[in-house]
Amino acid sequence: MLDAFMDDFMVRAALAGIAVALAAAPLGCFVVWRRMAYFGDATAHAAILGVALSLLMSTSILVGVLAVSLIMATLVTLLSGRGYAMDTLLGVMAHSALAFGLVAVSFLPGVRIDLMAYLFGDILAVNKMDLAIITSGGLLVIGLIRWRWSALLTATLNEDLARASGINPRREQLVLTLSLAVVVAVALKVVGALLITALLIIPAATARRFCHTPELMAITAAIIGGISSTGGLQAAYWLDTPTGPTIVCLATLLFALSTVAARISRLVSQASSEAPARGK
């Protein structure tokens, strides 16, 4: 019964999208709080270099992408604060990794590679093994973030307070960047290298407008990410549009609606507070 259920490619795609959304949500919150959007881009762009190296060495693409993403995340963490401005360092590494990856692909002898699938995702092609890997990676990241949540939050809010509490901010940043590398590796097939950062940031940015605690923001971001993944999947199926970009488009639409709703709520609140003053 379960095997028959999992044979439906739409079911596998939906489950893969939800797994990525759940893992990306808490990470996306930290990316927004720490203003690390460019770091997400750097790690995601490195994934293309991982794909090329995997094909050159005839190894698993997941292993290659994960290895290169981990190396990128570790290098950025180690080099930050050592004479390089963070945005400059990330800009150099992000575009260099993408460029080297694309050039390396052109040297692959007799190998045809669909770069569009790696750049923008191919969630409808997720098989049972892919789903198992994506789910396992997602659970690993969720468990790691849950374990380090308090320390990560303290280090994000105030590094001096973190040190006073016996927390090493640099270690917590490394935990965060390694988690991000894992998410990039498992999400590559869902939304692609160029759209992974969007799935990290947009749900978290949307949730931020309505949540007053970090925990509630992470949970709300996960819900928004899940809605974006499943809703975008259905919309792409009905409209015959690319699935990865459609998921991001829906997430962006939800962000726009939340912005308008927050603005209207602010105006109504301001008007109601000014009404008694006029009455006097």
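**Helices, core and a small internal void**

Helix 3 (residues 37–56) runs for 20 residues and covers 30 Å between its first and last C-alpha atoms, close to the 28 Å expected at 1.5 Å a residue. In this predicted model, 14 of those 20 residues are buried, so helix 3 is largely enclosed by the rest of the structure. Just past its end, S58 adopts a positive phi of about 55°.

Stepping back, the fold is built from 12 helices and zero strands, which reads along the sequence as α-α-α-α-α-α-α-α-α-α-α-α. Across the 280 residues of the protein, 46% count as buried. Contacts also reach well along the chain: taking pairs at least 6 apart in sequence, 76% join residues at least 24 apart.

Now to the core. In soluble globular proteins, nonpolar side chains tend to be buried together. Here, the largest nonpolar core takes in 74 residues, and L27, I134 and I145 are the ones with the most contacts inside it. Helix 2 is the top contributor to this core, supplying 13 residues. As for I145, leaving aside residues up to four places away in sequence, its contacts are P26, L27, F30, L152, L176 and S179. L27 thus turns up both among the core residues with the most contacts and among the partners of I145.

Helix 11 is worth a look of its own. With 26 residues at 1.5 Å each, helix 11 should span 38 Å, and the 36 Å between its end C-alpha atoms agrees with that. Its buried residues are M217, A218, A221, A222, I224, G225, G226, S228, S229, G232, L233 and A236. Right after helix 11 comes D240, with a positive phi of about 55°.

Two of the buried residues of helix 11, A221 and G225, also help to line the largest cavity, along with A21, A24, A25, L199, L200, P203 and A204. Three elements give two or more residues each to that lining: helix 2 (9–34), helix 10 (196–208) and helix 11 (214–239). Helix 10 gives the most, with four residues. By class, the lining comes out as eight nonpolar residues, one polar and no charged ones. The cavity holds about 40 Å³ of space, and the structure has just one cavity of 30 Å³ or more. Helix 2, then, appears twice in this account, giving the most residues to the largest nonpolar core and also contributing to the cavity lining.

How values were computed: Residues are numbered from 1 along each chain as its sequence is written. This is a predicted model: local features need pLDDT of at least 70, side-chain atom pairs count only at pLDDT 80 or more; totals for chains, interfaces and linings use all residues. Side-chain values use heavy atoms; hydrogens and water are left out. On a 1 Å grid over the protein atoms alone, a cavity is a set of points where a 1.4 Å probe fits but cannot get out, and a pocket is an open set with protein on both sides within 12 Å along at least five of seven lines; lining residues have an atom within 4 Å of a point. Grid points are joined across faces, edges and corners, and a volume is the space filled by probe spheres set on the points. Ala, Val, Leu, Ile, Met, Phe, Trp, Tyr, Cys and Pro count as nonpolar, Asp, Glu, Lys and Arg as charged, and the others, Gly among them, as polar. The expected span of a helix is 1.5 Å times one less than its number of residues. Buried means under 20% relative accessible area, exposed over 50%, partly exposed in between (1.4 Å probe, protein chains only). A nonpolar core is a set of buried Ala, Val, Leu, Ile, Met, Phe, Trp, Tyr and Cys residues joined through side-chain atoms within 4.5 Å. Contact means heavy atoms within 4.5 Å.
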